[in-house]
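Welcome aboard! Open your viewer, get comfortable, and follow along one selection at a time.

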Amino acid sequence: MGFTKALKCRECSREYPVEPIYVCEFCFGPLEAVYDYDGIKKVLTRETIAARPRTLWRYKELLPIGGEPQVGLDSGFSPLIKADNLARILGVKELYIKDDTVMHPTLSFKDRVVSVALTKAKEFGFDTVACASTGNLAHSVSALGARAGLKRFVFIPASLEKSKITASVVYEPNLIAVDGNYDDVNRLCSEIANKHRWAFVNINIRPFYAEGSKTMGFEILDQLGWQAPDHVVVPCASGSLLTKVWKSFKEAHKIGLINDLHTKVYAAQATGCSPIAAAIKSGADVIRPVKPDTIAKSLAIGNPADGYYATAVVRETGGYGEHVSDAEIIDAIKLLAATEGIFAETAGGVTLAAARRLIEAGKIDKNGSTVICITGNGLKTQEALAGHTGEVHHIKPNLASFEDVLARIGR
Ligand SMILES: *Cc1c(COP(=O)(O)O)cnc(C)c1O
């Protein structure tokens, strides 16, 4: 059996049994999984972890499942790349890219959360899974749910990129395109979740789903030889990933996987949807919802469910927040590709561009170690680069034509 003790309200600390519920009945605070850390400490050591397969399930005792993993068995353990080319350009000493563009069936970090959510949905006995998505979650629920033999209802904003719609519908879920933005879709899904007994991964299964994000943090520590980095830059949509990366670091510290924890956590958003970064920068206590307008659609949540908690983590750790323009996002996607050979989606452009600003402003210290979390693959958002990529050299199929071009462009 697993080590999850209960669900606990983040506001009033009331505890609930492990069930598909997500809000406190007394204060409406969000529920979060709590664990028997003393029990985990006895079985989960650096040595036991090292002996396991390189997947996100190596840290399974720290995930809210009751039995064995059932979904996404090969997902995770994406590369942590020492990005020396990029470090030179940004003027920092030690820079890493946590590269979640690969090692996941649908090529984004959402396969982490969905692997955990669908395993839990099966444990609870659901036959239908559902989600409200900005794109990547739709891919992941559609694909992993297909393999797990689950019925799927996937709700997206109708304005989503064409290629993102194709990459969901190919798995033959029930795909519902809603006339409205993500926040409208999410509101509708909360109503549907009250009516139909489905596992909405990011609504009634959210306390379990969200814990899957911790695996990104555990992997970073594992890949750094169980050392915490000085700085970690995380993109924010709802703010969940950021809070869970920090939770994973604290848990690793609590059970002795790392000895020292001093990491500062930084939030990255697009200027066209920056409720979390804006609150951090202005020192505001409340998150002011916005109407998203950015090419970074996977981060376009105007009313972020975990926004408050994300700002609290940033303040607690001494980090900061930054938001960047669409032009900076495109430049950063190209920079990452041309220096490190990694093609990130728009969310990746956001994270790198924000990191760059934070370094230039002296918020991230150039002599420390920095990890930048790149969360999705650029093949998913190619439209964003239309008209912004380098020249294609067009020639006739003969040597003279090639030599003409070569003389013009040089080597
Ligand atoms: C969903 C998503 C995020 C962040 O999501 P949170 O809601 O903040 O956990 C980051 N990057 C990509 C590519 C995503 O799809």
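Which helix gives the most to the lining of the second largest pocket? Keep that in mind as you look around; the model you are viewing is predicted.

**Stop 1: the pocket**

Select helix 10, residues 240-254. Helix 10 is the answer, as it puts 6 residues into the lining of the second largest pocket. Now add strand 1 (4-9), strand 3 (31-35) and helix 12 (307-317), each of which supplies at least two lining residues as well. The space they help to line comes to about 490 Å³.

To find the middle of this pocket, select R10, E32, T243, K247 and K250, which lie nearest its centre among the 18 lining residues. Colour the lining by class and you will find 8 nonpolar, 2 polar and 8 charged residues.

**Stop 2: a charged pair**

Stay with two of those residues, E32 and K247, and show their side chains. They meet in a salt bridge, with 3.6 Å from N to O. Because E32 sits in strand 3 and K247 in helix 10, this pair ties together parts that are 215 residues apart in sequence. Across the whole structure, a search finds 27 salt bridges.

**Stop 3: the ligand**

Next, select the ligand and the 15 residues around it, of which K110, N136, S238, L241 and T375 come nearest. What lies 2.8 Å from an oxygen atom of the ligand at K110? There you will see a polar side-chain atom of K110. In N136, a side-chain N or O atom is also 2.8 Å from a ligand oxygen. Then click on S240, where a polar backbone atom lies 3.5 Å from an oxygen atom of the ligand.

Switch on a surface to finish: the protein covers 96% of the 390 Å² of accessible area that the ligand has on its own. By class, the shell around the ligand holds 7 nonpolar, 6 polar and 2 charged residues.

Terms used:
Residues numbered from 1 in each chain as written. Predicted model: local features only at pLDDT ≥ 70, side-chain atom pairs only at ≥ 80, totals over all residues. Heavy atoms only, no water. 1 Å grid on protein atoms, 1.4 Å probe; cavity = no way out; pocket = protein on both sides within 12 Å on 5 of 7 lines; lining within 4 Å. Points joined across faces, edges and corners; volume = space filled by probe spheres on them. Helix = DSSP H or I, 4+ residues; strand = E, 2+ residues; numbered from the N terminus. Nonpolar A, V, L, I, M, F, W, Y, C, P; charged D, E, K, R; others polar. Near = heavy atom within 4 Å. Polar contact = N/O pair within 3.5 Å; in protein donor to acceptor, adjacent residues only side chain to side chain. Areas by Shrake-Rupley, 256 points an atom, 1.4 Å probe, with all protein chains shown as cover. Salt bridge = Lys/Arg side-chain N within 4 Å of Asp/Glu carboxyl O.
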